[in-house]
Amino acid sequence: MSRLQKLIFISLLVAQGVVIGLVENMIPYPFAFAPGAKLGLANLITIIALFTLPKKDSFLLIWLRLILTTLLGGTISTFLYSMSGAMLSYFGMLLVKLLGPKRVSIVGISATGGFMHNVGQLVTASWIAQSWSVMLYLPVLSFLGILSGIAIGIAANFLLHRVQTLNKFQADYERKTKQHWQ
């Protein structure tokens, strides 16, 4: 894979993540019992990046997505919440991914990301509110985050196996890392 192909691939993933994020921001919150909870559909792009790109490129992709989404339809506070959730989620998924394909699946890694994203956002909310009582919301958000992570992991697994371009990038990535993910 050439450098130009990789840059185009990253650009397309960033664009898809931004569009998915902006569209999701327009959808009313589906969970009346959990105000502010979202499905986190843009995290599908993060999962795909984790399994098709080196760490530095997937990290760049997340930052570009965060910045562009904020510039196109966010505020400083939404950036802080999104950034803290995305960073904790990303590093949590990287750590769990180190267990390898024999111990954890793409779905398990994605569920970890869903959980960690909510932890990151609630820590930021606690910091802003100057109160740890915000963390009482964690059990509800954890449940929803894990469910959402499972759904996103299933979708990512499906796309990685069915979309030829993703399959090509994943195969190239697996050849370099010497790990094969089902």
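Which residue lies over the face of F169, and at what distance from the ring centre? Let us work up to that in four exercises. This is a predicted model, in which local features need pLDDT of at least 70 and side-chain atom pairs count only at pLDDT 80 or more, while totals for chains, interfaces and linings use all residues. Residues are numbered from 1 along each chain as its sequence is written, and side-chain values use heavy atoms, with hydrogens and water left out.

**Exercise 1. Describe the overall fold of the protein chain.**

Step 1: Start with the secondary structure, where helices (H or I, at least four residues) and strands (E, at least two) are DSSP runs, numbered from the N terminus. The protein chain has seven helices and zero strands.

Step 2: Check the compactness. The radius of gyration (taken over C-alpha atoms) is compared with the globule rule, 2.2 Å times the number of residues to the power 0.38. The chain's value is 16 Å, close to the 16 Å that the rule gives for 182 residues, so the chain is as compact as a globular protein of that length.

Step 3: Look at burial, where buried means under 20% relative accessible area, exposed over 50%, and partly exposed in between (1.4 Å probe, protein chains only). Of the 182 residues, 43% count as buried.

**Exercise 2. Explain how F9 and F169 are paired, and find the charge beside them.**

Step 1: Apply the pairing rule. Rings of Phe, Tyr and Trp (its six-membered ring) pair if their centres lie within 6.5 Å; planes under 30 degrees apart count as stacked, over 60 as edge-to-face and the rest as tilted. This rule gives six aromatic pairs. For F9 and F169 the ring centres are 3.8 Å apart and the planes are at 10 degrees, so this pair is stacked.

Step 2: Place the partners. F9 lies in helix 1 (residues 3-26) and F169 in helix 7 (residues 164-177), so the pair ties together parts that are 160 residues apart in sequence. F9 is buried at 5% relative accessible area, and F169 is buried at 6%.

Step 3: Find the charge. A charge sits over a ring if NZ of Lys or CZ of Arg is within 6 Å of the ring centre and within 35 degrees of the ring normal. K168 lies over the face of F169, 5.7 Å from the ring centre, which settles our opening question.

**Exercise 3. Classify the pair F59 and F91.**

Step 1: The centres are 5.9 Å apart with 45 degrees between the planes, and the pair is tilted.

Step 2: F59 belongs to helix 3 (residues 55-73) and F91 to helix 4 (residues 76-97), so parts 32 residues apart in sequence are tied together.

Step 3: F59 is partly exposed at 29% relative accessibility, and F91 is partly exposed at 41%. Ring pairs link F59, W63, F79, Y90 and F91 into a cluster.

**Exercise 4. Map the largest nonpolar core.**

Step 1: A nonpolar core is a set of buried Ala, Val, Leu, Ile, Met, Phe, Trp, Tyr and Cys residues joined through side-chain atoms within 4.5 Å. The largest one has 32 residues, and I47, F51 and L61 have the most contacts inside it.

Step 2: Helix 4 gives the largest share of this core, seven residues.

Step 3: Contact means heavy atoms within 4.5 Å. Leaving aside neighbours within four places in sequence, L61 is in contact with I10, L13, V14, I45, A49 and L53.

Step 4: Return to F51, which has the charged end of K97 over its ring, 4.8 Å from the centre.
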